[in-house]
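Good morning, colleagues. I shall present one structure today, and I ask you to keep the sequence and the model in view while I speak.

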Amino acid sequence: MAVSPFALHVNASTHRHSTSPSFDHLKRSISPALKPIWKELQQQLPLKKIDVSNTVKKASGMVLDVLVDGLYRFVDQPYLPSQHPKKSSTATLASLWKKNFAPVQEIGEAVEVAYLEGELPADFLEGVFVRNGPNPLFGCLQSTVSPLGITNETWVEGEGMLHALCFKKTGDSDWSISYKNKYIESETLKLEKQRNKPSFIPAIEGDPLAVLAAFSLNRIRLNADNKFLCNTSVFEHSGKLYAIAENYLPHEIDSQTLETFGVWDFNGDWNRPCTSHPKKAPGSGELVIMGVDVKKPFYVVGVVSADGKELLHKVDVKLDKSVLSHEIGVTERLLKYDKEGTTRLGVMLRYGDANSVRWFEVETCCALHILNTFEDGDEVVVRGCWAITSILPGPDWGMDKFDWYARGYKFPPKKRENGNEEEGFLFHCVYEWRLNMETGEVKERNLSGTRTSMDFPFVNGKFTGLKNKFGFTQFVDSAASSSCGIVKYGGLAKLYFDKPQKLQFWVTLFRFVSNEYSPSLLDQEGECEQAVKVEYRKFEESSFCSGSVFVPKSGSAEGKDEEDGWIATFVHNEVSDETQVHIIDVKDLKGEPVAKIRLPQRVPYGFHGIFMATPNKN
Ligand SMILES: [Fe+2]
């Protein structure tokens with residue numbers, strides 16, 4: 001049986017089973033564990049109120065629970081790659097890895113925080129800056145060992161925890177700022193908390209038979225294939241805050257207390273997963289959603305009313321297979337992508353159906369995140385983060401996941417021709433596709449070049465779906481990411497879409513005489529294949545950001561004052577082990593932040609954030 005080397009990272013738990021699963025163990029476990037079932041049956045039978053269907057189902061679940069307890073051993077995954085057999089002597093890697101991927105506890109009541117430097121301007125928005133991210137409930141990610149093989153939780157599978165900074169004005173230019181963090185209380189989180197032990201068998205990565213069994217066992221025992229992670233993103237609609245991961249539905253969150261109100265299933269009309277990145281349509285304020293599933297229908301698009309009360313439109317796009325699709329863009333139409341040998345972008349009228357989708361074949365790539373989409377004459381313009389290989393789980397990992405990521409985050413050493421390069425295959429750039437709706441022509445170009453890898457794009461939200469001049473991303477610290485095998489973002493980038501990059505004379509000459517692209521040569525001389533001006537802000541040494549968002553200036557309207565605002569971002573310094581929130585003037589990206597706010601405890605690296613203005617104030 002094939003064993004993933006990553007599974008060898010597992011570290012025997014000190015508080016769970018320490019011996020290998022065996023049938024002797026199972027035998028010893030079954031007898032006491034069946035007593036409650038028998039007791040329940042005894043209680044019900046004399047009263048003649050037995051619900052056969054439910055009782056059988058419950059009994060099956062309990063029997064399987066006993067089987068799992070007997071045959072499966074949950075083990076903690078270490079946060080130190082020093083425990084990786086190949087990396088045991090690399091102390092530096094261990095210190096890099098452990099710094100800020102480990103989970104934190106809930107802090108309890110909100111804590112008042114103070115400026116470390118600077119102060120908030122008077123026209124900053126009142127509201128809450130929230131970031132989502134994985135925070136494993138039992139202290140670390142889990143693996144299971146069973147006779148069927150090994151399964152592992154991947155690094156994106158920690159339970160969702162929100163970190164929020166609340167900004168309240170107490171005077172003309174005085175502010176009260178408080179910090180709070182809290183788990184998203186999904187049903188599966190509550191279930192595991194109640195059981196006080198990991199219960200869901202990891203069902204994404206591992207030996208094939210073990211993964212297959214994990215789905216079924218989870219479903220029958222716990223009524224869900226996998227945990228509802230809710231750890232990826234946060235979004236706002238009709239004044240309400242939602243947290244989400246795309247394996248389930250959004251959860252409504254109280255933006256002040258971070259309490260979980262419950263699942264939003266669009267009045268019961270959406271019984272399938274939902275994208276982590278729904279988009280609010282310009283003008284109408286409708287929310288465009290989509291959901292990908294492994295079973296038919298594979299890809300469904302929906303339109304939710306601006307007040308959030310109604311699912312106005314739901315259409316099966318009728319794909320013939322399930323495809324990975326993390327983002328959807330919105331203009332007055334809709335978009336998606338599809339990868340399997342070829343990559344396609346589809347444009348659909350918002351209230352269209354499967355027959356109305358116009359497909360455009362583009363160069364094969366992976367585009368996990370969309371920066372913005374808009375219409376420009378006959379063209380639908382899509383700007384997103386382009387990569388040659390997906391960072392999400394896949395067979396490309398081979399036998400050593402850590403090594404695969406470590407090589408992937410290195411700087412690409414040479415021209416990429418396919419997805420099998422030794423290094424640099426996880427490089428991301430901001431890319432533009434122009435899809436001509438009249439002629440069917442596609443124009444593609446790399447906007448940000450080949451020198452700096454970047455992802456987690458964002459724009460001024462008042463320009464979502466509209467033609468815009470500025471885009472923002474977090475850029476990758478290639479050396480730090482490669483060292484620990486997980487991406488770390490060492491700074492921010494600002495793209496000026498209306499300002500072409502000025503090429504040095506010799507580069508122009510080189511291109512003219514050779515008519516050939518050679519990034520390695522261009523890079524040696526300090527230039528790159530880059531179409532527009534890009535400005536960078538690098539954080540101090542050993543500092544990395546997450547959850548960056550655009551905060552528009554108070555009072556600005558949709559489609560106006562695109563550059564008027566700030567970037568808010570969580571910045572963690574691995575030397576001091578301290579997290580700060582930086583507020584940076586968008587017009588002065590390289591200057592000192594207008595405010596640095598020190599948080600009372602570190603915030604682990606995570607995914608997407610949002611700034612949600614206080615309702616009725618703006
Ligand atoms: Fe995302």
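The protein has nine helices and 33 strands; helices here are DSSP runs of H or I with at least four residues, strands are runs of E with at least two, and both are numbered from the N terminus. What you see is a predicted model, in which local features need pLDDT of at least 70 and side-chain atom pairs count only at pLDDT 80 or more, while totals for chains, interfaces and linings use all residues. Residue numbers start from 1 along each chain as its sequence is written.

Let me turn to confidence. The mean pLDDT, the predictor's confidence in each residue from 0 to 100, is 82 for the protein, and 78% of the residues reach 70 or more. Among the elements, strand β12 (residues 251–253) has the highest mean, 98, and helix α9 (residues 519–524) the lowest, 38. Over residues 515–527 the pLDDT is below 50. Residues 81–97 also have pLDDT below 50. Where pLDDT is low, the predicted coordinates should not be read in detail.

Next, the protein as a whole. Of its 618 residues, 44% count as buried, that is, with 20 or more other C-beta atoms within 10 Å of their own; 12 or fewer makes a residue exposed, anything in between partly exposed, and C-beta atoms are placed from the backbone. Two residues are in contact if those C-beta atoms lie within 7 Å. Among contacts with a separation of 6 or more, 63% join residues 24 or more positions apart.

I come now to the sheets. Two strands pair if DSSP finds at least two bridges between them. One open sheet has five strands with antiparallel pairing, in the order β2-β8-β7-β4-β33. Strands β2 (111–113) and β33 (609–613) each have a single partner strand, so each is left with one side lacking a neighbour in the sheet. From one strand to the next, the twist averages 25°, with axes fitted to C-alpha atoms, for helices over the stretch in contact, and angles running from 0 to 180 degrees between N-to-C directions. Three bridges link β2 to β8 (residues 175–183) in the antiparallel sense, and Glu112 stands opposite Ser178 in β8.

A second open sheet, also antiparallel, has four strands in the order β1-β5-β6-β9. Its edges are β1 (73–76) and β9 (205–206), each pairing on one side only. Two bridges join β6 (residues 149–152) to β9, where Glu205 is the bridge partner of Asn152. Helix α5 (residues 208–222) lies across β5, β6 and β9, at about 65° to β6.

Consider also the hairpin of β16 and β17. Strand β16 (residues 299–304) pairs with β17 (residues 311–316) in the antiparallel sense over five bridges, with Val303 opposite His313. Six residues lie between these strands, and Gly308 takes a positive phi near 75°.

Finally, which features of the backbone deserve a closer look? Most residues other than glycine have a negative phi, and most peptide bonds are trans. The bond from Lys296 to Pro297 is cis, with omega near -10°; Pro297 sits in the loop between β15 and β16. Asn196 has a positive phi of about 60° and is found in the loop between α4 and β9. Asn196 counts as exposed because it has 8 C-beta neighbours inside 10 Å. Asn267 likewise has a positive phi of about 60°, in the loop between β13 and β14.
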